Amino acid sequence: MTTKLTIRRPDDWHLHLRDGAMLAAVLPETARHFARAIIMPNLVPPVVTSGDAAAYRDRIMAALPEGMSFEPLMTLYLTEDTDPADVAAAHASGLVKAVKLYPAGVTTNSASGVTNFDKVRPVLEKMAEIGLPLCIHGEVTTDHVDIFDREKVFLETVLDPLRRATPGLKVTLEHVTTAQGIDYVRESEGDIAGTITTHHLMINRNHILVGGIKPHYYCLPVAKRREHMEALRKAATSGNSRFFLGTDSAPHTDALKENACGCAGCFTATNTMSCLAHVFEEEGALDKLEAFASLNGPARYGLPANKNTISLVKEEIPVTYPEKIAAGDETVTVFDPGHPLYWRVT
Ligand code: DOR
Ligand code: ZN
């Protein structure tokens, strides 16, 4: 039985760090185990221009505690007014590693996202030309489409036409939650990859709804049926280089989660590596954890894998994590998979 695993230091290809007191609280939770992360731009107001991204990167670096190292990989929030020349300059300078597409209204702070895809065509064409990836929140927002079908419908009605209209565009379908999304990423021609979150490998919709509503399991895209979770687990543990970790760790204060209209997001930064080792061991695939968390992502982004390593040790007694972390005067609840974890990061 494997009890110690050493892998290249992981990276997180989809992370929400927020700003201010929340940034200061959650950044060390990620930097403790991860070398780099793709930083989501859905602040209020959003990170739209290269100037916004440079200023946000500086705030992140200023919030990093002494002695910790971490590299934020910045993104721009795509709006219908985004200037292709600004995007190209941000890419050329090395500041920005991806552009994020939120369909307008799809999730937290997405009001400035895209409604008319024709308006962003010049930006997408420029991105295809310069090889800058587009990270996509892949859900439709149409009222009559059931929330559990919104990813599947997006693939057919938005993603596929968008990719056909912009050949050569590098696309990352983020936080895939359905078997259809997995099949699309695995089988489509062209430059496509998919990120998978920690929590979607561990929870399905029953976890949210059976025995009372669990607000800390509510996120977007919402977790689907068990068979979809199983398809995600197969893809993540397959070693297929099109799939890699994007935790979508998305902190909200407990007051905003435990609320009549609770915010979407699971905060997994603190215990993600323990959770992933647990899942990969259950799937008999501990040997594929390094590909998923540390190798496939950098390869996709044309970056070297990290040189240093982390080790995971399987303990006899469960590893404990704080139930909550403090953020200013508020608290944020750490993701609880609902069973003990035994893998400790050393
Ligand atoms: O659960 C989510 N939380 N999904 C998203 O797409 C956004 C995120 C957030 O920013 O809170
Ligand atoms: Zn997200």
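**Exercise 1. Ligand 1**

Find which backbone atom lies 2.9 Å from a nitrogen atom of ligand 1, then describe the residues around this ligand.

Solution.
Step 1. In this predicted model, the nitrogen atom of ligand 1 is 2.9 Å from a polar backbone atom of alanine 264.
Step 2. Turn to the oxygen atoms of the ligand. One oxygen atom of ligand 1 lies 2.7 Å from a polar side-chain atom of histidine 252. For histidine 16, a polar side-chain atom is 3.4 Å from an oxygen atom of ligand 1.
Step 3. Widen the view. There are 13 residues around ligand 1, and those that come nearest are Arg18, Asn42, Leu220, His252 and Ala264.

**Exercise 2. The zinc ion**

State which residues coordinate the zinc ion (ligand 2), and work out why the pair of histidine 16 and aspartate 248 ties together parts far along the sequence.

Solution.
Step 1. The donors of the zinc ion (ligand 2) are His14 (NE2), His16 (NE2) and Asp248 (OD), at 2.1 Å.
Step 2. The spacing of these donor residues in sequence is H-x1-H-x231-D.
Step 3. Histidine 16 sits in the loop between β2 (12–15) and α1 (20–31), while aspartate 248 sits in the loop between β9 (243–245) and α9 (254–257), so the pair ties together parts that are 232 residues apart in sequence.
Step 4. Check the accessibility. Buried means under 20% relative accessible area. Histidine 16 has 7% relative accessibility and therefore counts as buried. Aspartate 248 also has 7% relative accessibility, so aspartate 248 counts as buried.

**Exercise 3. The sheet of eight strands**

Give the strand order of the open sheet of eight strands, and say whether the pairing is parallel or antiparallel.

Solution.
Step 1. The order is β2-β3-β4-β5-β6-β7-β8-β9, and the pairing is parallel.
Step 2. The edges are taken by β2 and β9; each has a single partner strand, so one side of each has no neighbour in the sheet.
Step 3. From one strand to the next, the twist averages 30°.
Step 4. Take one pair in detail. Strand β3 (residues 36–39) and β4 run parallel and are joined by four bridges. Isoleucine 39 has methionine 74 in β4 as its bridge partner.

**Exercise 4. The sheet of three strands**

Describe the open sheet of three strands, and name the helices that lie across it or pack on it.

Solution.
Step 1. The strand order is β1-β10-β13, with antiparallel pairing.
Step 2. β1 (4–8) and β13 (343–345) are the edge strands, as each pairs on one side only.
Step 3. On average, neighbouring strands here are turned by 25° against each other, direction ignored.
Step 4. Five bridges pair β1 with strand β10 (residues 309–314) in the antiparallel sense. The bridge partner of lysine 4 in β10 is valine 313.
Step 5. Helix α11 (residues 289–300) packs on the sheet and touches β1 and β10, and its direction makes about 25° with that of β1. Helix α10 (residues 272–282) lies across β1, β10 and β13, and runs at about 140° to β13.

**Exercise 5. Serine 274**

Decide whether serine 274 is buried or exposed, and list what serine 274 is in contact with beyond its sequence neighbours.

Solution.
Step 1. Serine 274 is placed in helix α10.
Step 2. Its relative accessibility is 0%, so serine 274 counts as buried.
Step 3. Apart from neighbours within four places in sequence, serine 274 is in contact with Tyr321, Leu341, Trp343 and Arg344.
Step 4. One of these contacts can be made specific: a polar atom of the side chain of serine 274 lies 2.5 Å from the backbone oxygen of tryptophan 343.

**Exercise 6. Two loop residues**

Classify threonine 82 and proline 215 by their relative accessible area.

Solution.
Step 1. Threonine 82 is in the loop between β4 (71–77) and α3 (84–92). With a relative accessible area of 11%, threonine 82 is buried.
Step 2. The side chain of threonine 82 reaches the backbone nitrogen of threonine 79 at 2.9 Å.
Step 3. Proline 215 is in the loop between α7 (205–209) and α8 (226–236). Its relative accessible area is 25%, so proline 215 is partly exposed.
Step 4. Leaving out residues up to four places away in sequence, proline 215 touches Lys257 and Glu258.

Note on methods. Residues are numbered from 1 along each chain as its sequence is written. Chains are lettered from A and ligands numbered from 1 in the order in which they are written. This is a predicted model: local features need pLDDT of at least 70, side-chain atom pairs count only at pLDDT 80 or more; totals for chains, interfaces and linings use all residues. Side-chain values use heavy atoms; hydrogens and water are left out. Donors are N, O and S atoms within 2.8 Å of the metal (3.2 Å for Na, K and Ca); water is not among the atoms, so sites may look incomplete. Helices (H or I, at least four residues) and strands (E, at least two) are DSSP runs, numbered from the N terminus. Buried means under 20% relative accessible area, exposed over 50%, partly exposed in between (1.4 Å probe, protein chains only). Two strands pair if DSSP finds at least two bridges between them. Axes are lines fitted to C-alpha atoms, for helices over the stretch in contact, and angles run from 0 to 180 degrees between N-to-C directions. Contact means heavy atoms within 4.5 Å. A residue is near a molecule or strand if one of its heavy atoms lies within 4 Å of it. A polar contact is a pair of N or O atoms within 3.5 Å; within protein, one must be able to donate a hydrogen and the other to accept it, and residues adjacent in sequence count only if both atoms are side-chain atoms.
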